[in-house]
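Visitor: I should like to take a close look at the pockets of this structure. Please describe them in detail, and then set them beside the other parts of the chain.

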Amino acid sequence: VDGGVTALVIDRIGLLVTNDPTLGEGPLGVVRDAAVVIEDGRVSAVTAAGAAADERVDAAGRAVVPGFVDSHTHLVFAGDRAEEFTARMAGQAYAAGGIGVTTAATRTASDDELRAGSARRWAEARAGGTTHLEIKSGYALDVDGEARLCRLAAELTDDVTFLGAHLVPQEYGGRADDYVALVAGPMLDACAPWCRWADAFCETGAFDADQCRTVLEAAAARGLGLRVHANQLGPGPGVQLAVELGAASADHCTYLTDTDVDALAGSATVATLLPAADFSTRQPYPDARRLIDAGATVAIASNCNPGSSYTTSMLFCIALAVRDLRLTADEALWAATAGGAAALRRPDLGRLSPGSVGAALVLDAPSHHHLAYRPGMPLVAEVIAQ
Ligand code: NIG
């Protein structure tokens, strides 16, 4: 190895998922008895077991998969909504208004308190196999507070999303359009320097299609990529809007019409499914089979947030995706890795092929099928991340 670059080899891999069909079997590009060499943070070779390098991780015949790419989180917040969850389990419906509770707690928290909570959740996610995640703002809903959340999120990821259009805050009650003007103007200006993306919650009780369009078009004009919270609590215009604006992702997609499915299938907009949110809000699950069979690209993500989905566990999401969304084990793993990367338009993530970011998981299992077969088990034995 030249120039002081150290190479790491993950050796004696029983079953390797590369997500590169040119390297191995099927759409997941499965290679048996393999080794992966990582140099300077990138995969430099996929080769036969027995490769040499400065450092060696012995997979001892177990499976190795790409690290999970969690493309939808609200990781930076303060407070707790366990009581709301408990009431929901007793029959209350989930509603967008709970965002206001977290906003009140987040506004009064110090930078260090927010940092500590986010770092704890990031560590938890990492231990569960997440090697890259996206983080949204959206729990301050004022100019300085949203900019602060974006700045703190940027300490943890380069995929930060501005979500000023999450809820109309109390002080703008009855003046939603004034709030939208603030979000699309001064708030966007203050947040954009930290962000790669902008998002809007297109839903009854949050923002209508015109209001979302105003925010998203302003964000696109500033060079941000787009994402939309779409069709979470009922049918609505969110998916169509996402496709029309060329958004990278329409997230939730719990209630889809045939037109929505066709629109997603005919576009580059990824359908990002958030099964832990449907689980924690006792909603139906999205019709993932219909999306996949129609040809849409599907990602799954945790949607970690204190209201609708307080989990960072991609393992849990994979188990739900297989059991309840009826993805095959292969489709679910792809959706949690390369699918998340597609939703973030990061082709260098979510695969283990030469040139990709060298983020890999050694599983305590002979294959990734165990991720759904053994739900709730800590199957991520080792996380190799950059
Ligand atoms: O994606 N739906 C909007 N945002 C979050 C929930 C936010 C909350 O309830 O605090 C979501 O589910």
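Guide: The account below begins with the pockets and then turns to a helix, a sheet, the cysteines and one strand residue. The model is a predicted one.

The largest pocket has a volume of about 240 Å³. Its lining is made up of 19 residues, and those closest to the centre of the pocket are Thr 131, His 132, Leu 349, Val 357 and Gln 386. Two elements, α3 (111-127) and β7 (130-133), each supply at least two residues of this lining. Of the contributors, β7 gives the most, with 3 residues. Sorted by class, the lining of the largest pocket holds 9 nonpolar, 6 polar and 4 charged residues.

The second largest pocket encloses about 180 Å³ of space. Helix α12 (residues 329-336) provides the largest share of its lining, 4 residues. The residues that line this second pocket include Asp 330, Glu 331, Trp 334 and Ala 335. Pro 27 and Leu 28 also belong to the lining, as do Ile 292, Ala 296, Thr 297, Val 298 and Thr 328. By class, the lining of the second largest pocket has 7 nonpolar, 2 polar and 2 charged residues.

Val 298 leads on to the sheet, for this lining residue of the second largest pocket falls within β14 (298-300), a strand at the edge of the sheet. The sheet is open and has 7 strands in the order β8-β9-β10-β11-β12-β13-β14, with parallel pairing. At its edges stand β8 (135-136) and β14, each with a single partner strand, so one side of each lacks a neighbour in the sheet. Within the sheet, strand β11 (residues 225-230) runs parallel to strand β12 (residues 249-252), and 4 bridges join the two. Ala 230 stands opposite His 252 in β12.

The next element to consider is helix α11 (residues 314-323). Of its 10 residues, 7 are buried, so the helix is largely enclosed by the rest of the structure. The buried residues are Met 314, Leu 315, Cys 317, Ile 318, Ala 319, Leu 320 and Ala 321. The N-terminal end of α11 is capped by Ser 313, which has a side-chain oxygen 3.4 Å from the backbone nitrogen of Leu 315. Leu 315 is thus named twice here, as a buried residue and as the partner in the cap.

The cysteines deserve a separate note. A disulfide is a covalent bond between the sulfur atoms of two cysteines. A search of the whole structure finds 0 disulfides. For Cys 202, the closest cysteine sulfur is that of Cys 212, at 4.0 Å, which is too far for a bond, because a disulfide requires the sulfur atoms to lie within 2.5 Å. Cys 253 is likewise in no disulfide; the nearest cysteine sulfur to it, that of Cys 202, is 12 Å away. Both residues are buried: Cys 202 has a relative accessible area of 4%, and Cys 253 has a relative accessibility of 0%.

A contrast is offered by Asp 33, which has its place in strand β2 (residues 30-39). Asp 33 is exposed, with a relative accessible area of 56%, a value that lies over the 50% cut-off for an exposed residue. The C-alpha atom of Asp 33 is separated by 31 Å from that of Leu 344, a residue 311 places away along the chain.

Note on methods
Residues numbered from 1 in each chain as written. Predicted model: local features only at pLDDT ≥ 70, side-chain atom pairs only at ≥ 80, totals over all residues. Heavy atoms only, no water. Buried < 20%, exposed > 50% of the residue type's maximum accessible area, 1.4 Å probe, protein only. Polar contact = N/O pair within 3.5 Å; in protein donor to acceptor, adjacent residues only side chain to side chain. 1 Å grid on protein atoms, 1.4 Å probe; cavity = no way out; pocket = protein on both sides within 12 Å on 5 of 7 lines; lining within 4 Å. Points joined across faces, edges and corners; volume = space filled by probe spheres on them. Nonpolar A, V, L, I, M, F, W, Y, C, P; charged D, E, K, R; others polar. Pairing = 2+ DSSP bridges.
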